[in-house]
Amino acid sequence: MGSDAVLRNSMVWLAVAAAITGLYTLSWKKMGITYLFGMLAICGVVLPDWDNLDRGVSRWCTVVTADGMARATPVTATRFKMYPIKLLLYGAVYGFAFCKWWSFITS
């Protein structure tokens, strides 16, 4: 249930950001693009199956069972483990998308 609260909170803040973008630029198109970009960003961070993706990158495509996951992963307080390759992939994808969004909004 905690993930539902995070998703709901993220979507509320996204709506606020899209409204501010729309008021600042006076453009429905830019407001819609902001909302779409934000929804894709939220879907990429909040919704994935982190139990599966918190394993090493080389094991992402292999099937995992609940028993295997319980034995392989100790319980940790953090939800997002810092794997360098995963951070590099997320940084590259979201950095490129943010630059494209920013250039569209400021044009």
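**Figure 1. Thr21, a buried residue of helix H1 in the predicted model**. The relative accessibility of Thr21 is 11%, which is under the 20% limit, so the residue counts as buried. Thr21 lies in helix H1. Leaving aside residues up to four places away in sequence, Thr21 touches Leu26, Lys30, Thr34 and Ile105. One of these partners, Ile105, is itself buried and belongs to H5.

**Figure 2. Leu26 in the loop between H1 and H2**. Leu26 is not a glycine, although its phi is positive, at about 55 degrees. With a relative accessible area of 74%, Leu26 is exposed. Leu26 nevertheless appears among the residues that Thr21 touches, and Thr21 is buried at 11% relative accessibility.

**Figure 3. The nonpolar surface patch that includes Ile20**. Which residues form this patch? Its members are Val12, Trp13, Val16 and Ile20, and together they have about 420 Å² of accessible area. Ile20 is placed in helix H1, which covers residues 2-25. The relative accessibility of Ile20 is 53%, a value over 50%, and the residue is therefore classed as exposed. Ile20 is thus exposed, whereas Thr21 is buried.

**Figure 4. Helix H5 and its buried residues**. Helix H5 is formed by residues 84-106, 23 residues in number. At 1.5 Å a residue, a span of 33 Å is expected for H5, and the C-alpha atoms at its ends are 32 Å apart, in agreement with that expectation. Lys86, Trp101 and Ile105 are buried in H5. Ile105 is also one of the residues touched by Thr21, which lies in helix H1.

**Figure 5. Gly44 of helix H2 and its distance to Tyr94**. Gly44 has its place in helix H2, residues 28-45. Is Gly44 buried or exposed? A relative accessibility of 16% makes Gly44 buried, because buried residues are those under 20%. From C-alpha to C-alpha, Gly44 and Tyr94 are 9.4 Å apart in space, while 50 residues separate them in sequence.

**Figure 6. Ser107 in the segment after H5**. Ser107 is exposed, its relative accessible area being 60%. Along the chain, Ser107 and Lys30 are 77 residues apart, and their C-alpha atoms are separated by 9.9 Å. Lys30 is also among the residues that Thr21 touches.

**Figure 7. The cysteines Cys43 and Cys99**. How many disulfides does a search of the whole structure find? The search returns 0 disulfides. Cys43 is partly exposed, at 36% relative accessible area, and Cys99 is exposed, at 52%. The value for Cys99 is over the 50% limit, so this residue is classed as exposed.

**Figure 8. The whole protein as context for the close-up views.** The secondary structure comprises 5 helices and 0 strands, and the elements run α-α-α-α-α from the N terminus on. Of the 107 residues in the protein, 21% are buried; Thr21 and Gly44 are among the buried residues. Among contacts with a separation of 6 or more, 69% are between residues 24 or more positions apart. The accessible surface of the protein comes to about 7,800 Å², and carbon and sulfur atoms account for 73% of this surface.

Note on methods:
Residues are numbered from 1 along each chain as its sequence is written. This is a predicted model: local features need pLDDT of at least 70, side-chain atom pairs count only at pLDDT 80 or more; totals for chains, interfaces and linings use all residues. Side-chain values use heavy atoms; hydrogens and water are left out. A disulfide is a pair of cysteine sulfur atoms within 2.5 Å. Buried means under 20% relative accessible area, exposed over 50%, partly exposed in between (1.4 Å probe, protein chains only). Patches are made of residues with over 30% relative accessible area and no salt bridge: like charges are joined within 9 Å, nonpolar side chains (Val, Leu, Ile, Met, Phe, Trp, Tyr) within 5 Å. Accessible areas come from the Shrake-Rupley method with a 1.4 Å probe; for residues, only the protein chains shown count as cover. A salt bridge is a side-chain nitrogen of Lys or Arg within 4 Å of a carboxyl oxygen of Asp or Glu. Helices (H or I, at least four residues) and strands (E, at least two) are DSSP runs, numbered from the N terminus. Contact means heavy atoms within 4.5 Å. The expected span of a helix is 1.5 Å times one less than its number of residues.
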